[in-house]
Amino acid sequence: MTEPVIALDNVHLTLGSGASTVHVLKGMSLEIEPGQSVGIVGPSGSGKSTLLMVLAGLERIDSGTVSVAGAALNTMSEDQAAAFRGRNIGIVFQSFHLIPNMTALENAAVPLELAGNPDAFEIAARELKAVGLEHRMTHYPGELSGGEQQRVAIARALAPSPKILIADEPTGNLDTATGKQITDLLFQTQREHGLTLVLVTHDSALSARCDREIRVRSGRIETGIETDGTDAPAAARIVAVNP
Ligand SMILES: Nc1ncnc2c1ncn2[C@@H]1O[C@H](COP(=O)(O)OP(=O)(O)O)[C@@H](O)[C@H]1O
Ligand SMILES: [Mg+2]
């Protein structure tokens with residue numbers, strides 16, 4: 001069997017404090033194999049975004065284990081997790097999260113510059129070209145359409161050559177036609193880079209294109225569903241379903 005690239009075992013997470021404490025993740029276990037595309041779906045407030053934050057080491061868990069690319073993310077310090085994320089995980093958000101006073105090129109170069117890469121701008125330019133934005137390098141986010149801003153965010157996420165791409169509602173702020181273009185780009189990129197793609201989406205057309213769908217409800221994983229299976233690895237599966 002292929003070693004999973006992402007493995008969660010019995011993860012619990014509580015957010016907030018005092019009267020506003022919320023038990024968000026209630027014993028989540030799952031395994032994702034390298035190169036798989038996984039769509040995480042479920043009602044609003046069920047814990048999907050929180051699950052992505054846990055996979056990225058951006059949210060500390062109360063108990064359980066989180067293993068990503070062979071490393072125990074839950075035992076790392078915040079600095080160690082940040083460095084690990086920088087090398088291994090690209091993240092794309094619904095609202096793009098670009099820095100308004102930086103050009104497309106500067107935005108795409110940020111993670112590489114933070115990592116001290118001397119070729120940051122060269123690599124960022126190459127990634128922007130790959131997402132079809134070679135003519136928008138010196139534009140600021142406010143001068144770009146939503147679809148173009150999301151392309152910058154994807155270029156930025158891919159610039160450090162991560163193994164894993166995580167996306168939270170990547171088409172949520174886009175019209176249907178633009179959303180389709182971004183979806184095509186994500187799957188094309190996944191194939192070309194051999195990425196593991198984990199995305200949260202309300203868009204059933206998007207999740208149906210994934211090798212696997214994971215349903216989250218009230219902080220638990222509901223079922224694992226194989227989708228059309230055309231590129232699904234034979235061993236694609238849900239390992240654990242919560243009671
Ligand atoms: N910082 C926080 N403090 C308290 N509760 C939170 C916090 N962040 C998220 N939550 C709660 O956790 C639950 C899951 O949130 P989230 O992961 O964003 O859901 P989804 O992405 O599925 O809509 C929600 O009930 C939300 O209100
Ligand atoms: Mg969310």
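## A first stop: helix 1

Just after helix 1, G57 takes a positive phi of about 70°. Helices here are DSSP runs of H or I with at least four residues, strands are E runs of at least two, and both are numbered from the N terminus. Please keep in mind that this is a predicted model, in which local features need pLDDT of at least 70, side-chain atom pairs count only at pLDDT 80 or more, and totals for chains, interfaces and linings use all residues. Residues are numbered from 1 along each chain as its sequence is written, chains are lettered from A and ligands numbered from 1 in the order in which they are written, and side-chain values use heavy atoms, with hydrogens and water left out.

How much of helix 1 is buried? Seven of its eight residues are, so the helix is mostly covered. "Buried" means under 20% relative accessible area, "exposed" means over 50%, and "partly exposed" lies in between, using a 1.4 Å probe and protein chains only. The buried residues of helix 1 are K48, T50, L51, L52, M53, V54 and L55.

## Around ligand 1

Helix 1 also takes part in the surroundings of ligand 1, where it supplies three residues, the largest share of the shell. Both helix 1 (48-55) and strand 2 (22-32) give at least two residues to that shell. The full set around the ligand is L15, G16, V22, V24, P43, S44, G45, S46, G47, K48, S49 and T50; a residue counts as near if one of its heavy atoms lies within 4 Å.

What mix of residue classes makes up this shell? There are four nonpolar, seven polar and one charged residues. In this scheme Ala, Val, Leu, Ile, Met, Phe, Trp, Tyr, Cys and Pro are nonpolar, Asp, Glu, Lys and Arg are charged, and the others, Gly among them, are polar.

Three neighbours in the shell offer polar contacts, that is, pairs of N or O atoms within 3.5 Å; within protein, one atom must be able to donate a hydrogen and the other to accept it, and residues adjacent in sequence count only if both atoms are side-chain atoms. A polar side-chain atom of K48 sits 2.8 Å from an oxygen atom of ligand 1. For S49, an N or O atom of the side chain is 2.9 Å from a ligand oxygen, while G47 uses a polar backbone atom, at 3.0 Å from an oxygen of the ligand. Taken alone, ligand 1 exposes 560 Å², and the protein buries 60% of that; these areas come from the Shrake-Rupley method with a 1.4 Å probe.

## The open sheet

Now for the strands. Four of them form an open sheet in the order 2-1-4-5, with antiparallel pairing. Strand 2 and strand 5 are at the edges with a single partner strand each, so one side of each has no neighbour in the sheet. Two strands pair if DSSP finds at least two bridges between them.

Strand 1 (residues 6-15) and strand 4 (residues 63-68) run antiparallel and are joined by five bridges. Along this pair, I6 stands opposite V68, and D9 faces T65. Strand 4 also pairs with strand 5 (residues 71-72), again in the antiparallel sense, over two bridges. There, S67 has A72 as its bridge partner. The hairpin of strand 4 and strand 5 has two residues between the strands, and in it A69 takes a positive phi near 50°.

## Salt bridges

Side chains of opposite charge can pair when their charged atoms come close. How many salt bridges does the model contain? The count comes to six, where a salt bridge is a side-chain nitrogen of Lys or Arg within 4 Å of a carboxyl oxygen of Asp or Glu.

E222 and R217 meet with N to O at 2.6 Å. Both ends of this bridge are partly exposed: E222 at 32% relative accessibility and R217 at 43%. R215 pairs with E213 at 3.2 Å between the closest N and O atoms; here R215 is partly exposed at 31%, whereas E213 is buried at 9%. In the bridge between E127 and R126, the closest N and O atoms are 3.8 Å apart, and E127 is buried at 5%. Elsewhere, K180, D184 and R209 are linked in a network of salt bridges.

## A serine in helix 7

Is S207, in helix 7 (residues 204-208), buried or exposed? S207 is buried, with a relative accessible area of 3%. A polar atom of its side chain lies 3.3 Å from the backbone oxygen of S204. S207 and T183 are 24 residues apart in sequence, and their C-alpha atoms are 9.9 Å apart in space.
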